Amino acid sequence: MATTDGVELSTDDLREVTGYAARCAEPVLEIVEGVRPDDARPREAIDAAWAFARGGARGKALRDTAWAALREAKEADEPAAAEAARAAMAAAGAAYLHPIADAYQVKHVLGSAAHAAHAAQLAAGGDESAAVARLAAARSFATPALVDVLRRYPSAPGGGGRVGELVCLLDASLRDGERR
């Protein structure tokens, strides 16, 4: 579907972005599940993201599970668990990437990866190497199709604290072709 703002996105593009986001969020589920093992909201958000990425509908389940994972993030007493839940929320929300030429849309593409990297860093007692490792994994998950979608948007904007910084780092490395 083309837009007047010059960004074209197909359903396949949205599925690519959502599958990438789910893959980035999945490894940090263990952080939130370790703190709140009886709360399935983050896992349900990632499952909904995968369902859409694999051909399912883009509808109520994605929105509902994204909001539920965000509520989990707000309820979590452990900062690393809260960030892991935000990664899950961002995975489900990635299906709603807007076809407008706005740098903030990059957060829909890379937000899950950035929240996962921040969760890993917090879980490692603030060790930046944990975030670096998650970003390296996120780069390795990026397909040429994902990078093509990313490059349709302006570069990520500054700001947004540590997560914003991680989005900018990942964005720059993917645009520059550093995938491994």
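This is a friendly conversation about how some labels in this predicted model are earned.

Reader: Why is H115 called buried?

Author: H115 lies in helix α6. Its relative accessibility is 14%, and buried means under 20%. Since 14% falls under that cut-off, H115 counts as buried. Leaving aside neighbours within four places in sequence, H115 is in contact with E83, R86, A87, A90 and V163.

Reader: What makes D12 exposed?

Author: D12 belongs to helix α1, and its relative accessibility is 58%. Exposed means over 50%, so D12 with 58% counts as exposed. In space, the C-alpha atoms of D12 and A145 are 9.5 Å apart, while in sequence these two residues are 133 residues apart.

Reader: Why is E33 called partly exposed?

Author: This one falls in between. E33, in helix α2 (residues 29–35), has a relative accessible area of 24%. Buried would need a value under 20% and exposed a value over 50%, so E33 with 24% is partly exposed. E33 has a C-alpha 7.9 Å from that of A81, although 48 residues separate them in sequence.

Reader: How do you know whether A80 is buried or exposed?

Author: A80 has a relative accessible area of 1%. The cut-off for buried is under 20%, so A80 is buried. A80 is found in helix α5. Not counting neighbours within four places in sequence, A80 is in contact with I31, A119, L122 and A123. The C-alpha atoms of A80 and V35 are 9.4 Å apart, with their positions 45 residues apart in sequence.

Reader: What makes α1 largely enclosed by the rest of the structure?

Author: Look at how its residues are classed. Eleven of the 15 residues of α1 are buried, so this helix is largely enclosed. Among the buried ones are D13, L14, R15, Y20 and C24.

Reader: How do you know that the length of α1 agrees with what is expected?

Author: Compare two spans. At 1.5 Å a residue, the 15 residues of α1 should span 21 Å, and the end C-alpha atoms are 21 Å apart, so the two values agree. The expected span is 1.5 Å times one less than the number of residues.

Reader: What about the span of α7?

Author: The reasoning for α7 runs along similar steps. Its 14 residues should span 20 Å at 1.5 Å a residue, and its end C-alpha atoms are 20 Å apart, so the expectation is met.

Reader: Which residues of α7 are buried, and what do they pack against?

Author: The buried residues of α7 are A130, A131, R134, L135, A137, A138, R139 and F141. They pack against α1 (11–25), α6 and α9. R134 is a good one to look up in the structure: setting aside residues up to four places away in sequence, R134 touches P27, V28, A116, A117, A120 and F141. The C-alpha atoms of R134 and E8 are separated by 29 Å, and these residues are 126 residues apart along the chain.

Reader: Why is α6 called mostly covered?

Author: Count its buried residues: 14 of the 18 residues of α6 are buried, and buried means under 20% relative accessible area, so α6 is mostly covered.

Reader: What can you say about the length of α6, and where is its kink centred?

Author: Helix α6 (residues 106–123) reaches 25 Å from its first C-alpha to its last, close to the 26 Å expected at 1.5 Å a residue. The kink in α6 is about 35 degrees and is centred on S112. After α6 comes G125, whose phi is positive, near 70 degrees.

Reader: How much space lies in the largest pocket, and which residues are closest to its centre?

Author: About 340 Å³ of space lies in the largest pocket. Of the 20 residues that line this pocket, M89, A90, G93, K107 and H108 are the closest to its centre. The elements giving two or more residues to the lining are α4 (60–75), α5 (79–93), α6 and α9 (161–175). Helix α4 gives the most, with five residues.

Reader: How do the lining residues of the largest pocket divide into nonpolar, polar and charged?

Author: The lining of the largest pocket has twelve nonpolar, six polar and two charged residues. Asp, Glu, Lys and Arg count as charged, so K107, one of the lining residues closest to the centre, belongs to the charged group.

Methods: Residues are numbered from 1 along each chain as its sequence is written. This is a predicted model: local features need pLDDT of at least 70, side-chain atom pairs count only at pLDDT 80 or more; totals for chains, interfaces and linings use all residues. Side-chain values use heavy atoms; hydrogens and water are left out. Helices (H or I, at least four residues) and strands (E, at least two) are DSSP runs, numbered from the N terminus. The bend at a residue is the angle between axes fitted to the seven residues ending there and the seven starting there. Buried means under 20% relative accessible area, exposed over 50%, partly exposed in between (1.4 Å probe, protein chains only). On a 1 Å grid over the protein atoms alone, a cavity is a set of points where a 1.4 Å probe fits but cannot get out, and a pocket is an open set with protein on both sides within 12 Å along at least five of seven lines; lining residues have an atom within 4 Å of a point. Grid points are joined across faces, edges and corners, and a volume is the space filled by probe spheres set on the points. Contact means heavy atoms within 4.5 Å.
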